[in-house]
Amino acid sequence: MGQVLFWTLAAAALGFGYLVFRVDSMARATFALLASFLAVAGEVLLLGLGYLGVVIALMMVVEMVVMAVFMVMFMMNPAGLVPMTMVHNKAGSAAIAIGTFVALAAGVLVVDWPTRVGEPAPDVTLALGEALMGGQMLTMMTLGVALFATIVATVVLSTARGRYRDEP
Amino acid sequence: MTLEAFLLLAAGLFAIGLYGALSQQSIVMLMMGLELMLNGVIVAAAAFWYFVSPAGSDGQVLVVVVITAMAIEMAVGFAVVTAIYRARQVDMTDDAADLRG
């Protein structure tokens with residue numbers, strides 16, 4: 001059962017991920033990416049990380065809906081009525097991507113991975129919370145500061161008026 | 001389910017995302033490629049947690065960090081797209097290759 005779910009979700013994640021760059025409309029690409037994210041969330045759930053899987057699913061649904069709004073706002077051909085290709089250096093990019101995959105896959109298959117040590121905590125979500133509020137407090141604080149800096153940076157970038165003068 | 005299978009899935013997602021990030025001309029499509037790459041990192045981190053050291057929480061913390069990085073990338077990316085479109089009516093990477101203000 002786990003095997004079937006894993007391979008189904010893996011095929012979905014990769015297939016929809018590939019579709020992102022193949023469909024004719026950027027709105028469709030957004031929803032293909034959402035489907036890929038949901039498949040990955042399923043894989044994370046399959047590993048027993050209930051909280052993180054649900055967080056990924058919820059976050060990505062909202063993120064992709066926001067992205068779809070931007071697609072319609074800014075981008076060409078949101079309805080996908082005409083064929084769309086907006087690529088540069090397709091062959092080079094494909095070669096680099098395939099080369100990267102081959103190198104990573106070779107590493108995955110060749111490296112002698114360590115064996116499993118220990119068992120998951122009875123409540124992995126509680127363990128994560130305790131780690132974030134205990135030993136990993138510095139990580140959590142860094143994330144908080146980074147998110148706050150993001151808020152400031154996005155507001156500064158998206159206001160019409162510049163820092164030193166009015167926009168022309 | 002093995003660690004290798006999960007890592008191969010992660011490598012596949014990363015490679016597809018890399019292709020998108022390198023080849024797409026639209027800045028937003030480029031960001032989708034970056035998101036797909038980080039998607040692969042999530043799979044790899046979760047798999048390492050489950051198959052190598054499930055007793056600790058470090059793998060889970062890594063997933064939290066990557067999710068935060070995705071949110072930040074998305075927010076700042078859209079802000080940059082908005083800013084550059086407002087300044088120069090540019091939404092393609094090829095038109096934004098110089099540093100002129």
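**Helix packing and the interface between chains A and B**

In this predicted model, α1(A) packs against helix α1 of chain B, residues 3-23, at an angle of about 5°, and the two axes lie 9 Å apart. Helices (H or I, at least four residues) and strands (E, at least two) are DSSP runs, numbered from the N terminus. Axes are lines fitted to C-alpha atoms, for helices over the stretch in contact, and angles run from 0 to 180 degrees between N-to-C directions. α1(A) and α1(B) are therefore roughly parallel to each other, a label given to angles under 35 degrees, while those over 145 count as roughly antiparallel, 65 to 115 as roughly perpendicular and the rest as oblique. On the chain A side, the contact involves F6(A), A10(A), A13(A), L14(A), G17(A), Y18(A) and V20(A); α1(B) answers with A5(B), L9(B), G12(B), L13(B), I16(B) and G20(B). Here, two residues are in contact if their C-beta atoms, placed from the backbone, lie within 7 Å. Sorted by class, this helix pair brings together 10 nonpolar and 3 polar residues, with no charged ones. Ala, Val, Leu, Ile, Met, Phe, Trp, Tyr, Cys and Pro count as nonpolar, Asp, Glu, Lys and Arg as charged, and the others, Gly among them, as polar.

A few conventions help in following the names. Residues are numbered from 1 along each chain as its sequence is written, and chains are lettered from A and ligands numbered from 1 in the order in which they are written. Local features need pLDDT of at least 70 and side-chain atom pairs count only at pLDDT 80 or more, whereas totals for chains, interfaces and linings use all residues.

Turning to the whole interface, 69 residues of chain A are in contact with 59 residues of chain B. On the side of chain A that touches chain B, at least two residues come from each of α1 (2-20), α2 (26-46), α3 (50-74), α4 (90-110), α5 (124-133) and α6 (137-158). α4(A) gives the largest share of that side, 12 residues. In composition, the side of chain A that touches chain B has 49 nonpolar, 15 polar and 5 charged residues.

Chain A itself contains 6 helices and 0 strands, in the order α-α-α-α-α-α along the sequence. Of its 168 residues, 24% are buried; a residue is buried if 20 or more other C-beta atoms lie within 10 Å of its own, exposed if 12 or fewer, and partly exposed in between, with C-beta atoms placed from the backbone. Among contacts in chain A between residues at least 6 apart in sequence, 58% join residues at least 24 apart.

The largest nonpolar core, a set of buried Ala, Val, Leu, Ile, Met, Phe, Trp, Tyr and Cys residues joined through C-beta atoms within 7 Å, has 66 residues. Within this core, V43(B), A46(B) and A47(B) have the most contacts. Two or more residues come from each of α1, α2, α3 and α5 of chain A, together with α1, α2 (27-51) and α3 (58-88) of chain B. α2(B) gives the most, with 17 residues. From chain A, domain 1 (1-79) and domain 2 (122-168) each contribute at least three residues to this core, the domain bounds being taken from an automatic or database domain assignment. Leaving aside neighbours within four places in sequence, A46(B) is in contact with V44(A), L47(A), L49(A), G59(B) and V63(B).

Individual residues add local detail. G17(B), in helix α1 of chain B, counts as buried because it has 27 C-beta neighbours inside 10 Å. Beyond four places in sequence, G17(B) is in contact with G33(B), L34(B), L36(B), M37(B), N39(B) and G40(B). The C-alpha atoms of G17(B) and M31(B), 14 residues apart in sequence, are 9.2 Å apart in space.

Helix α3 of chain B holds I67(B) and I72(B). I67(B) is partly exposed, with 19 C-beta neighbours inside 10 Å, and touches V55(A), I56(A) and M59(A) when residues up to four places away in sequence are not counted. I72(B) is partly exposed with 18 other C-beta atoms within 10 Å; with the same exclusion of residues up to four places away, I72(B) touches A146(A), L147(A) and T150(A). In the loop between α3 and α4 of chain A, N89(A) is exposed, with 12 other C-beta atoms within 10 Å. Phi of N89(A) is near 50°, a positive value in a residue other than glycine.
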